[in-house]
Amino acid sequence: MLKQCTRKKSLPHRAPPPPTASAVIPSRIHTAPTAPWNTRLRELSKHSRFHEAIALYRQMLRSGASPNAFTFPFALKSCASLSLPAAGAQLHGHALKAGCEAEPFVLTSLISMYSQCSLIDDASKVFDHCPQSRHLTVCYNALMSGYTSNSRFSDAVSLFRRMREMGVSVNSVTMLGLIPVCSLPAHLGVGTCLHCCSMKLGLDCDSSVGNCLLTMYVKCGSVEDARVLFDLISCKGLITWNAMISGYAQHGLASHVLDLYREMKSCGIRPDSVTLVGVLSSCAHLGAYNIGCQVERQIELSGSNSNPFLNNALINMYARCGKLAKARAIFDAMPEKTVVSWTAIIGGYGMHGQGELAVKLFEEMLRAGIRPDGAAFVSVLSACSHVGLTDEGLKYFNAMEKKYLLQPGPEHYSCMVDLLGRAGQLQKALDLIHTMRVHPDGAVWGALLGACKIHKNVELAELAFQRVIELEPTNIGYYVLLSNTYNEANNMDGILRVRMMMRERKLKKEPGCSYVEHRGKVNLFLAGDRGHPQTKEIYKMLNELEDWLKENHNLDKNYLERRDDERLSGMGVHSEKLAIAFALLNAKHGKEIVVIKNLRVCEDCHLFIKLVSKAVDRRFVVRDATRFHHFEGGLCSCQDYW
């Protein structure tokens, strides 16, 4: 290997640094042929055998062969791939001495080498030093790519402007190097300009550019623009479909994912693992169990059932669809379990209120020699929170930093505040927030606010609310939490103040919605929904159930008054009640009913479902915004601790 320096060398401009004895370029009097060496160098570089390529370059010099413009690109690529900037600088000196620096392929290789070695300023000097580079598209592309890979967004954009001003032609490689940098909402304006430029130059017809633009819109959060572009692409390949499906999945538009997946299959496009991971995550989001089962069968038929990413997605999907036993069976069958696999199954048990089993699994993971990461700790801390395992949660939280040298983040503190708060230790929860090493985010203060609602601590709730709306002023959930806290304390003045704040800030409460799957179709119900084809039968079923509960149970007077108001207005019936009534009308007798709700189940609905589960002798599984509730025989798995 070329002799390396311990310090970075400055870029040689006029005279190269004195070459080492072992790397002296032979005199021109030698006549050893160069072409065979170049051929071998090309093959080694092509097969990523970079150490051997550099060794061969040294051997070439010793043999008396003189490197030329066809030699340096392969040698420089090897230095770049191995991140050897000192050796790359020596090769630069050799290129200068051989008179090859101005050759286009050598120029671009030098720019790329310095860029990949994080010496982007030296790459820029190479570009500026050679007048030829200012007229070559490949040189602009190489430096632009270097700027983007070194997070120099503004420099990349400036270079592109310079390129246009100089009249240098732009090609698809230019766009593919620049568009991916526009990955934040703040960059959307630049990304849109690049899209317009691509259209003007006819480059948008290139499938790679089109896919790149589609991904850019998704990453910038402009999913609607991404869909418009998707529809305009005439020849959609698998990458195009995957980009749109993944975009919908990342933004929680699960129903759009499933619709697009069906369309994709009808077009004869065969999905791959990327497609199926996005579809499974959407099935998990919607509770679309039957569709998830179909995907699993497709995975088995394609022979991809050993793919760890798909197995992890299946575990998550089945757990979030209420089929924990199925999730566990997939987990147990995996030949190799990564920390992601363990985290998925631990999180599944925690979400289903089986915190003790989640803790046992976490301990089993440690005994298996799997080192937990931040996500694994979130899973086990959340599991402890759901069932009130305060001592265990504190033990794992302390072990994070002391034993595993992991700095707790806001998500871990949020779990701990929730754990302490639910256990009634509100002051300890507040003290923990004050000692946080990171700035508490909205979720941390929101966890305290939720605990205050449970324990009817209005004073501390007002403090938590003041902090949380400074961080998330438009998050309607926190206003609702405070309003509910005031309601528990019969504080009408407080409720009115919250409503006034919401009105002044033009905030509207997020509508409650619930999903229930029937015959492979996901049925959506909104609060007070009357748009379903079976609306008449659904409300009749609800009224009959309410009448039965009145006759057979000593219901709270306030509950009865609220239900009477719902009946009179017809607008207050919560979505999970509608979903359950629909499922009772359509599901086979004795079949478990699974309902997915976007918000936390209220106390009235929780009581209603408990009593109905006994009345109709049916098992209900309800997943709300935070966890699962398994209702059976008039009882709930959460034991009213939620």
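Q: What links Phe362, Phe377, Tyr396 and Tyr404 into a cluster?
A: Ring pairs link Phe362, Phe377, Tyr396 and Tyr404. Rings of Phe, Tyr and Trp (for Trp, its six-membered ring) pair if their centres lie within 6.5 Å; the pair is stacked if the planes are under 30 degrees apart, edge-to-face if they are over 60, and tilted otherwise. The model is predicted: local features need a pLDDT of at least 70 and side-chain atom pairs count only at pLDDT 80 or more, while totals for chains, interfaces and linings use all residues. Residues are numbered from 1 along each chain as its sequence is written, and side-chain values use heavy atoms, with hydrogens and water left out.

Q: How many aromatic pairs does the structure hold, and what makes Phe362 and Tyr396 one of a particular kind?
A: The structure holds 11 aromatic pairs. In the pair of Phe362 and Tyr396, the centres are 4.9 Å apart and the planes stand at 70°. The distance is within the 6.5 Å limit and the angle is over 60 degrees, so the pair is edge-to-face.

Q: Which parts of the chain does this pair link?
A: Phe362 belongs to helix 20 (residues 355–367) and Tyr396 to helix 22 (residues 390–402), with these positions 34 residues apart in sequence numbering. Helices (H or I, at least four residues) and strands (E, at least two) are DSSP runs, numbered from the N terminus.

Q: Are Phe362 and Tyr396 buried or exposed?
A: A residue is buried under 20% relative accessible area, exposed over 50%, and partly exposed in between, as judged with a 1.4 Å probe and protein chains only. Phe362 has a value of 0% and is therefore buried. Tyr396, at 3%, is buried as well.

Q: Why do Phe465 and Tyr479 count as a pair, and of which kind?
A: The ring centres of Phe465 and Tyr479 are 5.3 Å apart, and their planes meet at 80°, so the pair is edge-to-face. Phe465 lies in helix 26 (residues 458–471) and Tyr479 in helix 27 (residues 476–488), so the pair ties together parts that are 14 residues apart in sequence. Both Phe465 and Tyr479 are buried.

Q: How many disulfides does the count give?
A: A disulfide is a covalent bond between the sulfur atoms of two cysteines. By the rule used here, a pair of cysteine sulfur atoms within 2.5 Å, the count comes to 0 disulfides.

Q: Why does Cys182 form no such bond?
A: The closest cysteine sulfur to that of Cys182 is in Cys220, 6.4 Å away, which is too far for a bond. Cys182 is buried, since its relative accessible area is 1%.

Q: What is the distance from the sulfur of Cys321 to the closest cysteine sulfur?
A: The sulfur of Cys321 is 6.7 Å from that of Cys283, so this distance too is too far for a bond. Cys321 also counts as buried, with a relative accessibility of 1%.

Q: Is Ser282 buried or exposed, and which residues does Ser282 touch?
A: Ser282, placed in helix 15 (residues 273–286), has a relative accessible area of 1% and is therefore buried. Leaving aside residues up to four places away in sequence, Ser282 touches Ala249, Ala254, Val257 and Leu258; contact means heavy atoms within 4.5 Å.

Q: Why is Arg600 not called buried or exposed?
A: The relative accessible area of Arg600 is 34%, which falls in between the two limits, so Arg600 is partly exposed. Arg600 lies in the loop between strand 3 (593–597) and helix 32 (603–615).

Q: What is notable about phi in Ser151 and Lys456?
A: Ser151 has a phi near 60°, a positive value in a residue other than glycine. Lys456 likewise has a positive phi, about 55°, and is not a glycine. Ser151 is in the loop between helix 7 (137–149) and helix 8 (153–165), and at 67% relative accessibility Ser151 counts as exposed. Lys456 is in the loop between helix 25 (442–455) and helix 26; its relative accessible area of 49% makes Lys456 partly exposed.

Q: How many helices and strands does the protein chain have, and what percentage of its residues count as buried?
A: The protein chain has 32 helices and 6 strands. Of its 642 residues, 50% count as buried. The C-alpha trace spans about 110 × 55 × 55 Å along its principal axes.
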